[in-house]
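Please work through the exercises below with the sequence and the model at hand. Each task is followed by a solution in steps.

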Amino acid sequence: MAYHTCCGFPEPQEGSVFYEGDFSYACFAFAPKTEGHSIVAWRAHAKDLNDLSEEEYHHLMGVVRRVRIALGRVYPGALVYMDYWNEAGHVHFHLIPRHEGSEKMGPDLLVQPSGRLVDLSKIPLLVTSLG
């Protein structure tokens, strides 16, 4: 199944997807701000949340909530930030764990340089946590 059928929004990195539904998917970010930085993306082309029907919006937010809870289980003690940025022209959310002991908080965490996705070892734990 294709991850999305539209625009130039990047495909997930191989092996990084931990949730696949008919309307959305979740994966680790390819340029993470922290360990566990994840993306929940809508499959069909929608430039903005306002382009989704009310039913679609509630479905997407349900997936975002489930992924956020799963990240909290897999990264105990982390505060999971949720951000919606639509500069990419495709509906997607960023879920970014701020781990205990992190010196960066709030906007400072979000503007720090991105890393590279290298560790996919938490994928099975996320799949299990999503039930």
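The exercises treat the chain, its aromatic pairs, its nonpolar cores and its pocket.

The model is predicted: local features need pLDDT of at least 70, side-chain atom pairs count only at pLDDT 80 or more, and totals for chains, interfaces and linings use all residues. Residues are numbered from 1 along each chain as its sequence is written, and side-chain values use heavy atoms, with hydrogens and water left out.

**Exercise 1. The chain**

Determine how many helices and strands the chain has, and in what order they run.

Step 1. Helices (H or I, at least four residues) and strands (E, at least two) are taken as DSSP runs, numbered from the N terminus. The chain has three helices and five strands.

Step 2. Read from the N terminus, the order is β-β-β-α-β-β-α-α.

Step 3. Of the 131 residues, 44% count as buried, where buried means under 20% relative accessible area, exposed over 50% and partly exposed in between (1.4 Å probe, protein chains only).

Step 4. Contact means heavy atoms within 4.5 Å. Among contacts between residues at least 6 apart in sequence, 58% join residues at least 24 apart.

**Exercise 2. Aromatic pairs**

Find the aromatic pairs and describe the geometry of F18 with F28.

Step 1. Rings of Phe, Tyr and Trp (its six-membered ring) pair if their centres lie within 6.5 Å; planes under 30 degrees apart count as stacked, over 60 as edge-to-face and the rest as tilted. A search of the whole structure yields three such pairs.

Step 2. The pair of F18 and F28 is tilted, with 5.5 Å from centre to centre and 55° between the planes.

Step 3. Because F18 lies in strand β1 (residues 17-20) and F28 in strand β2 (residues 24-28), the pair ties together parts that are ten residues apart in sequence. F18 is buried at 5% relative accessibility, and F28 is buried at 4%.

Step 4. Y84 and F93 also form a tilted pair, with ring centres 5.3 Å apart and planes at 45°. Y84 is partly exposed, at 25% relative accessible area, whereas F93 is buried at 4%.

**Exercise 3. Nonpolar cores**

Establish which residues have the most contacts inside the largest nonpolar core, and which element gives the most to this core.

Step 1. A nonpolar core is a set of buried Ala, Val, Leu, Ile, Met, Phe, Trp, Tyr and Cys residues joined through side-chain atoms within 4.5 Å. The largest has 25 residues, and F18, V40, L60 and V67 have the most contacts inside it.

Step 2. At least two residues each come from β1, β2, β3 (38-42), α1 (54-74), β5 and α3 (123-130). The most come from α1, with seven residues.

Step 3. Leaving out residues up to four places away in sequence, V40 touches Y25, A26, L60, V63, V64, V67, H92, F93 and L95.

Step 4. Y25 is found in strand β2 and is buried at 1% relative accessibility. The C-alpha atoms of Y25 and V63 are separated by 8.4 Å, although these residues are 38 residues apart along the chain.

Step 5. F9, V17, C27 and I39 are among the seven residues of a second, separate core.

**Exercise 4. The largest pocket**

State the volume of the largest pocket and identify the residues nearest its centre.

Step 1. On a 1 Å grid over the protein atoms alone, a pocket is an open set of points where a 1.4 Å probe fits, with protein on both sides within 12 Å along at least five of seven lines; lining residues have an atom within 4 Å of a point.

Step 2. The volume is about 290 Å³, taken as the space filled by probe spheres set on the points, which are joined across faces, edges and corners.

Step 3. The lining has 18 residues, and P10, F30, I39, H92 and H94 lie nearest the centre. β2 and β5 (92-98) are the elements that give two or more residues to this lining, and the largest share, three residues, comes from β2.
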